[in-house]
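Please look through the sequence and the structure shown below before reading on. The report then takes up a few parts in turn.

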Amino acid sequence: MSYTGPDFEPPQPRRSRLRRPLTVAVAALVPGALLGWGVYAAVGGPDDGGGGAGDAAGAGTSAAPSSDAPGSPGGDAKRRAGSSPAPAAGSGALRGKVVVIDPGHNPANFQHPSEINRKVNVGTHWKECDTTGTATNAGWPEAKFTLDVAHRLRDLLEKQGATVKLTQDGDRSYGPCVDERARIGNEAKADAALSIHADGSGTGNRGFHVIMPGPVHDGAADTRPIVAPSAELGKRVAGGFERVTGTAPANYLGDGTGLVTRTDLGGLNLSTVPKVFIECGNMRDATDAALLTSSSWRQKAAQGMSEGIVSFLRG
Ligand code: ZN
């Protein structure tokens with residue numbers, strides 16, 4: 001994308017998560033099994049059950065609707081982005097599981113054109129380190145969308161007991177490069193990795209799609225061991241996303257399945273762990289943009305992704 005964004009806000013001040021002490025206190029008082037059940041019930045469970053369950057779970061976990069304005073999602077980011085360490089993953093359905101969330105792009109990439117245009121080897125070819133990403137027609141950047149959804153998803157997965165790592169948290173001047181984004185998942189030995197994006201396509205092109213790795217064996221890339229588990233992850237993430245958000249699969253690619261396989265993305269080619277991308281919608285379409293800029297919809301988006309990941313990890 002050649003998008004050059006408007007001036008960006010300075011990095012949000014970080015502060016510790018206010019909910020952590022309460023969570024720890026409750027965890028100390030409630031027997032582990034009961035707490036686990038409570039978390040399970042609160043999110044509607046990992047099964048791809050009835051259609052109503054997803055919506056109910058999404059509504060039940062929505063953030064306060066205080067930051068629905070496209071330009072002000074920072075309230076959520078500020079509240080969610082804490083410098084305190086994540087709680088010990090001691091209970092919940094995902095205890096012992098590691099999930100790497102990759103918020104696509106970086107809000108400051110546009111300020112570092114030479115760095116992000118540097119070519120990195122993605123196995124099949126050389127490719128730019130990273131890109132600026134797209135934006136809504138009103139100028140709200142994809143990189144802010146991806147980070148906001150990543151924070152929401154992190155919170156949901158941590159409540160299930162997962163250990164969650166972000167490839168970037170608005171804490172770097174640019175990037176990371178796509179090869180490093182893959183490497184972070186590999187080194188974390190992630191049980192699942194999800195790269196979050198929104199598309200920049202033509203007006204009238206609507207809906208979400210999940211991108212899965214195709215078989216690549218070239219240079220440093222060998223996706224053959226992850227093709228099958230990534231396809232499973234992709235199907236479950238797409239299913240959860242569609243069910244909870246009520247959003248239709250993309251009408252402009254994927255033949256209406258919401259699933260696409262690609263062999264040109266470094267973040268997938270270089271992954272050694274199950275990994276998919278999700279393009280949550282088309283930022284350049286006004287109807288999709290109205291969803292993407294809604295904080296309540298983003299909470300549903302994260303809930304849908306979370307349910308797909310939980311379903312995948314529980315088998
Ligand atoms: Zn993107």
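Is Glu142 buried or exposed?

## The zinc ion and its donors

In this predicted model, Glu142 has a relative accessible area of 2%, and because the cut-off for a buried residue is under 20%, Glu142 counts as buried. Glu142 is also one of the protein donors of the zinc ion, which are His105 through NE2, Glu142 through OE and His197 through ND1, at 2.0 to 2.1 Å from the ion. Along the chain, these donor residues follow the spacing H-x36-E-x54-H.

Glu142 belongs to helix α6, whereas His197 belongs to strand β5 (residues 192–199), so this pair ties together parts of the protein that are 55 residues apart in sequence. His197 is buried as well, with a relative accessible area of 9%.

## How α6 meets α11

Two packed helices are described by the angle between their axes and by the distance between those axes. For helix α6 (residues 142–159) and helix α11 (residues 295–314), the axes come within 9 Å and cross at roughly 50°, and the two helices are therefore oblique to each other. Their crossing is right-handed.

On the α6 side, the residues in contact are Phe145, Asp148, Val149, Arg152, Leu153, Leu156 and Leu157, and those they meet in α11 include Trp297, Arg298, Ala302, Met305, Ile309 and Val310. Sorted by class, the contact of α6 with α11 has 10 nonpolar, four polar and three charged residues.

## An enclosed helix

Helix α7 (residues 178–187) is largely enclosed by the rest of the structure, because seven of its 10 residues are buried. The buried residues are Val178, Asp179, Arg181, Ala182, Ile184, Gly185 and Asn186, and what covers them includes the strands β1 (98–103), β2 (119–121), β3 (126–128), β4 (163–166) and β10 (275–282), together with helix α9 (266–269). After α7 comes Lys189, which has a positive phi, near 50°.

## Asn282 in strand β10

Strand β10, which is among the elements covering α7, contains Asn282. This residue is buried, with a relative accessible area of 0%. Asn282 and Ala198 are 84 residues apart in sequence, yet their C-alpha atoms are 6.0 Å apart in space.

If the neighbours within four places in sequence are left aside, the contacts of Asn282 are with Asp199, Gly200, Ser201, Gly202, Asn205, Gly207, Tyr252, Asp288, Ala289 and Leu292.

Technical notes. Residues numbered from 1 in each chain as written. Predicted model: local features only at pLDDT ≥ 70, side-chain atom pairs only at ≥ 80, totals over all residues. Heavy atoms only, no water. Axes fitted to C-alpha atoms, helices over the stretch in contact; angles between N-to-C directions. Helix = DSSP H or I, 4+ residues; strand = E, 2+ residues; numbered from the N terminus. Parallel < 35°, antiparallel > 145°, perpendicular 65-115°, else oblique. Left-handed = near helix turned anticlockwise from the far one by under 90°. Contact = heavy atoms within 4.5 Å. Nonpolar A, V, L, I, M, F, W, Y, C, P; charged D, E, K, R; others polar. Donors = N, O, S within 2.8 Å, 3.2 Å for Na, K, Ca; no water. Buried < 20%, exposed > 50% of the residue type's maximum accessible area, 1.4 Å probe, protein only.
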